Structures are given as C-alpha cells and as structure tokens.
Amino acid sequence: MVTGVSLLNPELPGRVFTAGGPYQVGREKIREFARAVSATSPIHHDPVAAQQAGHADVVAPPTFTTVVQGGAVDHLITDPDTGIDRTRHVAVHTTEKLDFSRHIVAGDELTTILTVTGVTERGDAAIMNTTSEIRDRDGHHVVTITSSLMIGAPQ
C-alpha cells in the first residue's frame with residue numbers, strides 16, 4: 001500500500017557513514033572467510049604461497065570487502081535518521097561492483113567511508129545506492145565498492 005510518505009529520509013543522498021575506526025585485517029580472519037566462501041587458492045591460507053605470489057601476507061578473497069565495510073553499513077542501517085526501522089523493514093543487498101587498486105592482505109589497517117549516492121522509492125520499497133571507499137593506514141586507495149540496498153517490508 002502506497003501511503004504517500006517517504007520510506008527513507010529524502011535528505012540521505014550525500015550523507016556519509018563510517019565504521020567509527022579502522023578495521024585490522026587478521027590472517028586467521030582471512031583464512032576463516034576463505035573457507036566460508038570456498039576460496040581454496042593457497043594465497044588465501046598460506047603466507048609462504050602468498051609471498052611467493054608477490055604479496056606481503058595471505059590475500060583476502062575479493063568479497064572480504066563485505067567484512068571490512070560492515071561497520072559502515074551497520075552505521076547506515078541503524079542510524080535512526082535514515083528512516084529505516086529494523087522492526088518493520090528488511091534491507092537486502094541487490095548489486096555490488098568492486099574496483100580494486102590492490103588486494104587486501106593480512107596486516108592491513110583499513111578505513112571505510114560510505115556515501116549514500118541516491119535513493120529511489122517505488123511503492124513500499126526503496127533502493128538506496130552507496131559508494132564505499134576503503135583506504136589503508138597511509139590513506140592510499142584499496143577498493144571502491146558501488147552497491148545497492150533494497151529496503152522494504154518483509155513478505
């Protein structure tokens with residue numbers, strides 16, 4: 001049922017959300033994630049194999065970015081000013097594009113800045129577009145994540 005009231009705060013585009021601090025990438029966390037997503041390459045598990053391939057330590061699978069940006073996404077979803085009510089709405093990740101400058105490796109200290117780039121509402125659902133910039137401790141770009149979340153009532 002369309003009520004004529006916006007689901008999300010119409011002033012969300014341009015808002016910035018962070019995790020509140022850096023994410024320390026650990027070797028064992030990478031290994032756990034790699035096992036969970038069935039990433040079997042030795043570079044995800046064995047530091048020697050990773051070093052022989054030219055990396056400083058074990059390499060995170062590409063979708064490890066979900067873990068790194070998780071705090072910023074949580075900040076976005078739980079901020080009461082967004083209009084998302086977690087008792088009435090569900091957020092579903094719909095699209096994602098990753099643009100890496102380099103791999104994420106154990107020992108990295110990464111920060112995420114998530115920016116809401118757009119909101120489109122149709123009926124009882126909204127699509128929120130975001131861009132997350134992940135940078136290392138020296139401020140160098142590691143990856144940009146462009147994604148969309150669908151916000152709506154559970155069926």
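1. A polar contact, as the term is used in this note, is a pair of N or O atoms within 3.5 Å, where within protein one atom must be able to donate a hydrogen and the other to accept it. By that criterion the side chains of D108 and R102 are joined by a polar contact of 3.0 Å. The model under discussion is a predicted one, and every remark below should be read with that in mind.

2. The surroundings of D108 deserve a second look. The residue sits in the loop between strand 3 (90-100) and strand 4 (109-122), and D108 counts as buried because its relative accessibility is 8%, where buried means under 20%. Apart from residues up to four places away in sequence, D108 touches Y23, Q24, V25, R102, H103 and R137. The C-alpha atom of D108 is also separated by 9.6 Å from that of R135, a residue 27 places away along the chain.

3. Y23, which is among the residues touched by D108, also belongs to an aromatic cluster that consists of Y23, F33 and F64. The count of aromatic pairs comes to 2. In one of them, Y23 and F64 meet edge-to-face, with 6.2 Å from centre to centre and 70 degrees between the planes. Since Y23 lies in strand 2 (residues 23-24) and F64 in the loop between helix 2 (47-52) and helix 3 (65-78), this pair ties together parts of the chain that are 41 residues apart in sequence.

4. What is the arrangement of the rings of F33 and F64? Their centres are 5.4 Å apart and their planes stand at 85 degrees, so this pair is edge-to-face. It links distant parts of the chain, with F33 in helix 1 (residues 27-36) and F64 in the loop between helix 2 and helix 3, 31 residues apart. Both F33 and F64 are buried, and for F64 the relative accessibility is 0%.

5. Helix 3 can be checked against its expected length. At 1.5 Å a residue, its 14 residues should span 20 Å, and the end C-alpha atoms are 20 Å apart, which agrees. The helix nevertheless has a kink of about 45 degrees, centred on G71, and a reader inspecting the model may wish to view both values together.

6. Which residues of helix 3 are buried? They are T65, V68, Q69, A72, L76 and I77. An α-helix has 3.6 residues a turn, so residues three or four places apart point the same way. The cover over the buried residues of helix 3 includes strand 1 (16-18), strand 2, strand 3, strand 4, strand 5 and strand 6 (141-152).

7. Strand 5 can be described by its two faces and its two partners. Its covered face is made of A126, M128, T130, S132 and I134, while A125, I127, N129, T131, E133 and R135 make up the uncovered one. Strand 4 and strand 5 run antiparallel and are joined by 11 bridges, and strand 5 is likewise joined to strand 6 by 11 bridges, again in an antiparallel arrangement.

8. The two turns that flank strand 5 can be taken in order. The hairpin of strand 4 and strand 5 has 2 residues between the strands, and G123 in its turn has a positive phi of about 60 degrees. In the hairpin of strand 5 and strand 6 there are 5 residues between the strands, and the turn holds G139, whose positive phi is about 85 degrees. R135 has H141 as its bridge partner in strand 6.

9. T130 illustrates the covered face at the level of a single residue. It is found in strand 5 (residues 125-135), where V116 stands opposite T130, and at 2% relative accessibility T130 counts as buried. Neighbours within four places in sequence aside, its contacts are L76, L114, T115, V116, T117, I145, T146 and S147; of these, L76 is one of the buried residues of helix 3.

10. Two loop residues complete the note. S38, in the loop between helix 1 and helix 2, has a positive phi of about 60 degrees although it is not a glycine, and S38 is exposed, with a relative accessible area of 57%. H89, by contrast, lies in the loop between helix 3 and strand 3 and counts as buried at 11% relative accessibility. Leaving aside its neighbours within four places in sequence, H89 contacts L7, G83, I84, I151, G152 and A153.

Technical notes. Residues numbered from 1 in each chain as written. Predicted model: local features only at pLDDT ≥ 70, side-chain atom pairs only at ≥ 80, totals over all residues. Heavy atoms only, no water. Phe/Tyr/Trp six-rings, centres within 6.5 Å; stacked < 30°, edge-to-face > 60°. Helix = DSSP H or I, 4+ residues; strand = E, 2+ residues; numbered from the N terminus. Buried < 20%, exposed > 50% of the residue type's maximum accessible area, 1.4 Å probe, protein only. Contact = heavy atoms within 4.5 Å. Expected span 1.5 Å × (residues − 1). Bend = angle between axes of the 7 residues up to and from the residue. Pairing = 2+ DSSP bridges.
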